Amino acid sequence: MQRKDFGSMECPVARGLERVGEWWSILILRDALQGLTRFDQFQKSLEIAPNILARRLASLVQSGLLEKRLYSERPPRYEYVPTAIGRDFQPVLMALLAWGNRHFAPEGARVVVAEQATGRIVEPAVVDPQTGKPLRAPDYAMRPGPLASEALIRRLAGGGSLAADAPAGDT
């Protein structure tokens with residue numbers, strides 16, 4: 001079965017998943033945003049097979065989320081550091097962490113988010129910067145933007161799946 005390409009879909013969720021939707025990619029980004037940079041560090045942290053790690057790192061570099069930098073010429077060794085696009089993924093990870101703690105850690109949070117300077121524990125939330133209100137249904141919903149196609153406008157109006165917004169015959 002051939003994997004579907006989400007990169008050309010209108011939905012930004014689908015396009016984002018094209019770059020980070022594979023679970024190893026998200027965990028590699030998590031570790032990179034925590035300061036890991038080297039292949040052996042990722043492999044040890046994730047207990048991931050080297051061939052899978054190499055493919056995921058290459059994909060994250062190709063997608064512009066990580067940058068591959070030479071740190072040793074003899075032998076050639078590379079490090080992988082988050083780009084601006086990769087660093088912009090941090091709030092997504094924080095939201096996923098909060099959601100996971102809230103719903104899948106019944107024995108209590110094993111990982112928390114703390115302010116670096118003070119150590120104060122905070123609860124991540126996606127909020128409207130103008131009002132400070134959390135962006136949760138039913139108060140907020142996705143709506144078509146000014147460049148949305150008619151198909152996407154209909155789908156959003158009817159509550160249909162955003163992941164299904166591929167052009168006709170693109171399955």
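Is Arg30 buried, partly exposed or exposed? With a relative accessibility of 34%, Arg30 counts as partly exposed. Everything described here comes from a predicted model, so please read each value as computed from that model.

**The chain as a whole**

Let's start with the overall layout. The chain holds seven helices and four strands. Going along the sequence, these elements follow the order α-α-α-α-β-β-α-α-β-β-α. The chain has 171 residues, and buried residues make up 26% of them. If you take the contacts between residues at least 6 apart in sequence, 37% join residues that are at least 24 apart.

**Helix H2 and its partner H6**

Helix H2 covers residues 23-33 and helix H6 covers residues 90-104. Their axes come within 10 Å and cross at roughly 110°. Angles of 65 to 115 degrees count as roughly perpendicular, and H2 and H6 are therefore roughly perpendicular to each other. On the H2 side, the residues that meet H6 are Ile26, Leu29, Arg30 and Leu33. Their counterparts in H6 are Gln90, Leu93 and Leu96.

Arg30 deserves a second look here. Besides taking part in the meeting of H2 with H6, Arg30 forms a salt bridge with Asp31. The two partners differ in exposure: Arg30 is partly exposed at 34% relative accessibility, whereas Asp31 is buried at 6%.

Ser25 also sits in helix H2. Its relative accessibility is 0%, so Ser25 counts as buried. The side chain of Ser25 makes a polar contact of 3.0 Å with the side chain of Arg56. Setting aside neighbours within four places in sequence, Ser25 is in contact with Val20, Arg56 and Leu60. Arg56 thus appears both in the polar contact and in this list of contacts.

**Salt bridges**

How many salt bridges does the model contain? The count comes to five, and the table shows some of them, with the distance between the closest N and O atoms.

| Positive residue | Negative residue | Closest N and O atoms |
|---|---|---|
| Arg30 | Asp31 | 2.9 Å |
| Arg69 | Glu67 | 3.5 Å |
| Arg120 | Glu115 | 3.5 Å |

In the pair of Arg69 and Glu67, Arg69 is partly exposed, with a relative accessibility of 37%. Glu67 is partly exposed as well, at 34%. Glu115, the partner of Arg120, is likewise partly exposed at 34% relative accessibility.

**Asp128, a buried acid without a salt bridge**

Where in the chain does Asp128 lie? Asp128 is in the loop between strand S4 (121-122) and helix H7 (150-158). Asp128 is buried yet has no salt bridge. The nearest side chain of opposite charge belongs to Lys133, 7.9 Å away. A salt bridge requires the nitrogen and the carboxyl oxygen to be within 4 Å, and that distance to Lys133 is 7.9 Å.

What does the side chain of Asp128 reach at 3.0 Å? The answer is the backbone nitrogen of Gln130. Not counting residues up to four places away in sequence, Asp128 touches Lys133, Leu135 and Tyr140. Lys133 is therefore worth viewing with care, as contact means heavy atoms within 4.5 Å: Lys133 touches Asp128, while no salt bridge is formed by Asp128.

Technical notes. Residues are numbered from 1 along each chain as its sequence is written. This is a predicted model: local features need pLDDT of at least 70, side-chain atom pairs count only at pLDDT 80 or more; totals for chains, interfaces and linings use all residues. Side-chain values use heavy atoms; hydrogens and water are left out. Helices (H or I, at least four residues) and strands (E, at least two) are DSSP runs, numbered from the N terminus. Buried means under 20% relative accessible area, exposed over 50%, partly exposed in between (1.4 Å probe, protein chains only). Lys and Arg count as positive and Asp and Glu as negative; His and the chain ends are not counted. A polar contact is a pair of N or O atoms within 3.5 Å; within protein, one must be able to donate a hydrogen and the other to accept it, and residues adjacent in sequence count only if both atoms are side-chain atoms. Axes are lines fitted to C-alpha atoms, for helices over the stretch in contact, and angles run from 0 to 180 degrees between N-to-C directions. Angles under 35 degrees count as roughly parallel, over 145 as roughly antiparallel, 65 to 115 as roughly perpendicular and the rest as oblique.
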